[in-house]
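I opened this notebook to record what I looked up about a helix pair and about one residue. The entries follow the order of my queries.

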Amino acid sequence: MTSPTLHTADVVVLGGGPGGYVASIRAAQLGLSVTCVEYDKTLGGTCVNVGCIPSKALLQSSEHYEWLRLHAAEHGIKVDGASIDLPTMMARKTDVVAQNTKGVEFLFKKNKITWAKGYGTLQPGNVVEVKAADGTTSHWQGKSVIIATGSVPVQLPFLKFDEKRVLSNVGALSIPEVPKHLVVVGGGVIGLELGSVWRRLGAKVTVVEFLPTILTGNDDDLVKEADKIFRKQGLEIHTGTKVTGAEVHSDGVRVHVEKDGVTAHLDADYVLVSVGRKSAIGGIDAVALGLAMGARGEILVDDQQRTNLPGVYAIGDVCGGKLLAHKAEEEGVVAAEVIAGKPVHMHHRTIPGIVYTWPELATVGLTEQDVKASGRAYRVGKFPFSANGKARTMGETQGFVKFVVDRDTDEILGCHMIGPNVADLLSEVVLAMEYRGSAEDIGITVHSHPTLSETVKEAALSALGRAIHM
């Protein structure tokens, strides 16, 4: 009996999500032969297929619908009888996803990256066994291996996903009707974004959060403003509330909750469970391989994304930390460049975080409570969108930009925004922080008028005690 053929490559990447496909492309750009193992029918991973991209497509569509209903008349635009064509909206979402997945596949061909289609299992000696959908297997040995297997949503034992009535982010993107009542378990990013989609389309949405606030870990001022705005928009939010059980029926779910010793129940036709995500290490027997793991099931790496195994790297959600596509991408670039012999290191001080509700939330660096707890002397600068000319022309005056800076050096320690298009406004602050920039650096930089970006300049000037328009 002949032994199976062993294919070789300079780099074998296990996973074709944002981290894996970017690592593959960067390694190929550096002249390395690359094979990427991915079992999904399309490349792009959770982010492109069932996460970032489809959710943003639905957020955009639902924002348009809500604007027509609530705000078009303010602009002198009369719209009668606006209604939802849900199948068309879903078809557009699917098309947007397809454009992105086909784009990644094109980049693989352009960069001569081999896509090994199948389920990958890491074996000793940096060999990856790939089992294809038809049951055939192939084996790939890399001089280096990059683990980029991502994460999966956490299930509750009494609310396991069936993607019919009990939904993960995947099912919540494809509900066949506008729910009468959607209960969202978890007041984090995914729950609030998808909850916002269905609320705008006409569903009653109830958010149940176990912790004292939604969006735990964010700046206190940001959380308070977001909570106030979301409630005003119509989200019903119950914080400090524990889900204790549930009964799933063919036509809905009864969710049992408890707050301050008082029990109650919520009847919904759908429940979205968004209580977090965990590293996906299927295909990786850490014990057998001797792979070092953390207490939360994450793969441990150094600042060059190296694991404790020779020639094995890990990137993205599987490493824990902030589970963000752009973090995975940067870690993928670092791993590829380290493999190519470049003197690079990963740092996470300036990884931005975004919540794509409306208004958006955008944050980078330390919160005010973080800095205060450290004992470091600091100053705060804050500027409201209500004082910005462009925001007024848009009719989008909710929210603010907030800087936290070192009192003595003026270095920017953190920036927290809630308002229109802040996901895009944050980039200049991230760049400034990369260079250990100060509030003054942004404050003395000329910003075009009238633009939303002037709020960033004014908030920076506020930190210096010299805001002009407030």
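The entries below concern a predicted model.

Entry 1, helix packing. I looked up how helix α3, residues 52-70, lies against helix α4, residues 86-110. I found an angle of about 140° between them, with the axes 9 Å apart. Angles over 145 degrees would count as roughly antiparallel; α3 and α4 are therefore recorded as oblique to each other. I noted the handedness of the α3 and α4 crossing as right-handed.

Entry 2, the contact residues. From α3, I listed I53, P54, A57, L58 and S61 as making the contact. From α4, I listed M89, M90, R92, K93, V96, V97 and N100. Sorted by class, the contact of α3 with α4 holds eight nonpolar residues, two polar ones and two charged ones.

Entry 3, the setting of N49. I then turned to N49, which I located in helix α2, residues 45-50. Is N49 buried or exposed? I recorded a relative accessibility of 18% for N49. Buried means under 20%, so N49 counts as buried.

Entry 4, the partners of N49. Setting aside neighbours within four places in sequence, I found N49 in contact with T42, L43, G44, P54, V97 and T101. P54 of α3 and V97 of α4 also appear in the contact of Entry 2. For L43, I noted that its backbone oxygen lies 3.3 Å from a polar atom of the N49 side chain. For T101, I recorded a C-alpha separation of 7.6 Å from N49, although their positions lie 52 residues apart along the chain when counted as an offset.

Definitions and conventions. Residues numbered from 1 in each chain as written. Predicted model: local features only at pLDDT ≥ 70, side-chain atom pairs only at ≥ 80, totals over all residues. Heavy atoms only, no water. Axes fitted to C-alpha atoms, helices over the stretch in contact; angles between N-to-C directions. Helix = DSSP H or I, 4+ residues; strand = E, 2+ residues; numbered from the N terminus. Parallel < 35°, antiparallel > 145°, perpendicular 65-115°, else oblique. Left-handed = near helix turned anticlockwise from the far one by under 90°. Contact = heavy atoms within 4.5 Å. Nonpolar A, V, L, I, M, F, W, Y, C, P; charged D, E, K, R; others polar. Buried < 20%, exposed > 50% of the residue type's maximum accessible area, 1.4 Å probe, protein only. Polar contact = N/O pair within 3.5 Å; in protein donor to acceptor, adjacent residues only side chain to side chain.
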